[in-house]
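Me: Please take a close look at a single part, the surroundings of the ligand, and describe them in one connected account. I would like each cut-off stated where its term comes up.

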Amino acid sequence: TLIDLSRKNDGSQDRAAFAKDVAAGLSQSPKRLSSRYFYDANGSRLFQQIMALPEYYLTRAEFSVIQRHRSAMVSAFAAAGFFHLVDLGAGDAMKTKLLLEELANQKKNFDYVPMDISGAAMRELGDDLQQTYPELHVQAVVAEYITGLKWLKQHLTERKVVLFLGSNLGNFEREEGMDFVRQIRQHLQPGDLFLLGVDLAKDPETILAAYNDPGGVTAAFNLNLLSRINRELGGNFDLEAFSHFALYDPQLGVMKSYLVSRREQEVYMEATGARYAFAAWEAIHTENSHKYTLQQAAEMGNKAGFKLVTSYLDENSGFADMLFEV
Ligand code: AVI
């Protein structure tokens with residue numbers, strides 16, 4: 001079954017909110033746009049390409065974490081019988097499928113609740129799993145994170161195991177990330193589990209390369225935000241006049257991405273009827289990808305009211321799936 005809690009039915013509201021955010025972000029100094037708007041159909045396709053890049057180690061590292069430890073993970077998940085496996089930001093569930101396979105092999109008793117803002121992704125995943133696991137009960141939920149969490153607290157009565165994989169937490173500011181983990185905790189009960197995928201601090205060169213591939217896929221992903229504004233808000237951004245620029249701050253553990261205006265220019269947006277001025281080399285901040293040490297991530301979990309059960313690592317100790325219990 002597919003449960004759609006998005007506001008898509010009233011597309012005008014979505015577009016108005018997008019226009020408002022963009023207008024505010026381009027009017028302030030320094031300029032900023034939120035990375036949550038990266039993921040339209042085009043952006044989601046580009047992100048799939050990023051995940052297959054040799055430089056983008058994150059996806060492969062987490063895949064390897066799960067491959068190495070899935071037997072132990074599944075035993076921990078199913079230790080107390082039936083549970084709902086909730087997958088926040090599931091996307092194509094590439095990594096979760098390893099767990100589903102293991103759960104099926106070990107004949108564990110569970111149902112699967114993937115959640116994502118992309119309705120297309122949830123429909124595809126539902127169909128796909130129906131083929132592979134006709135017996136598995138899948139309830140795909142199309143929703144933003146918080147709406148999804150509220151829904152699961154109201155509708156799922158049994159024990160829950162919540163997955164938040166792929167370093168998705170990294171795209172929140174440190175404070176917001178902490179708040180979000182707290183929110184997750186508040187929607188769970190004693191006995192529930194939480195598996196958090198964390199990209200760990202490592203050689204800055206390795207991190208930088210992952211967000212600056214020579215083939216320009218990451219650049220296209222970043223620039224798609226401007227194309228999306230052109231398409232949906234009637235903008236007239238000249239994509240040739242902006243460049244992707246990425247840098248890593250090893251003290252703060254944050255990867256930062258920008259779009260830099262290559263010349264002085266004005267951009268017009270139909271949705272607001274306003275013009276936005278750019279000085280030559282003025283930058284728009286578009287994304288943060290935070291990296292954590294194991295200690296920082298454990299402390300965040302503790303502060304949110306979780307207890308760390310164990311940290312599953314890849315062979316290079318570059319990525320962790322950290323298992324917390326309530
Ligand atoms: C989705 N998120 C975890 C990705 C990241 O690594 O921050 C998005 C991304 N941005 C550039 N490359 C990938």
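**The ligand site**

Reply: A polar side-chain atom of S289 lies 2.7 Å from an oxygen atom of the ligand, which counts as a polar contact (a pair of N or O atoms within 3.5 Å). The model is a predicted one, in which local features need pLDDT of at least 70 and side-chain atom pairs count only at pLDDT 80 or more, while totals for chains, interfaces and linings use all residues. Residues are numbered from 1 along each chain as its sequence is written, and side-chain values use heavy atoms, with hydrogens and water left out.

Y56 also has a polar side-chain atom facing a ligand oxygen atom, at 2.5 Å, whereas for N171 the partner is a nitrogen atom of the ligand, 2.8 Å from a polar side-chain atom. Of the 340 Å² of accessible area that the ligand has on its own, the protein covers 98% (Shrake-Rupley method, 1.4 Å probe).

The ligand sits in the largest cavity, a cavity being a set of points on a 1 Å grid over the protein atoms alone where a 1.4 Å probe fits but cannot get out, and sitting there requires more than half of the ligand's atoms within 2 Å of those points. Two elements, α2 (41–51) and β12 (283–290), give two or more residues to the surrounding shell; helices and strands are DSSP runs of at least four and at least two residues respectively.

The shell consists of Y39, F47, I50, Y56, G166, S167, N168, N171, Y211, F221, E287 and S289, each with a heavy atom within 4 Å of the ligand. By residue class it divides into six nonpolar, five polar and one charged, with Tyr counted as nonpolar and Gly as polar.

Before β12, the loop from β11 (274–278) contains W281, whose phi is near 70°, a positive value in a residue other than glycine.

Notes. A polar contact is a pair of N or O atoms within 3.5 Å; within protein, one must be able to donate a hydrogen and the other to accept it, and residues adjacent in sequence count only if both atoms are side-chain atoms. On a 1 Å grid over the protein atoms alone, a cavity is a set of points where a 1.4 Å probe fits but cannot get out, and a pocket is an open set with protein on both sides within 12 Å along at least five of seven lines; lining residues have an atom within 4 Å of a point.
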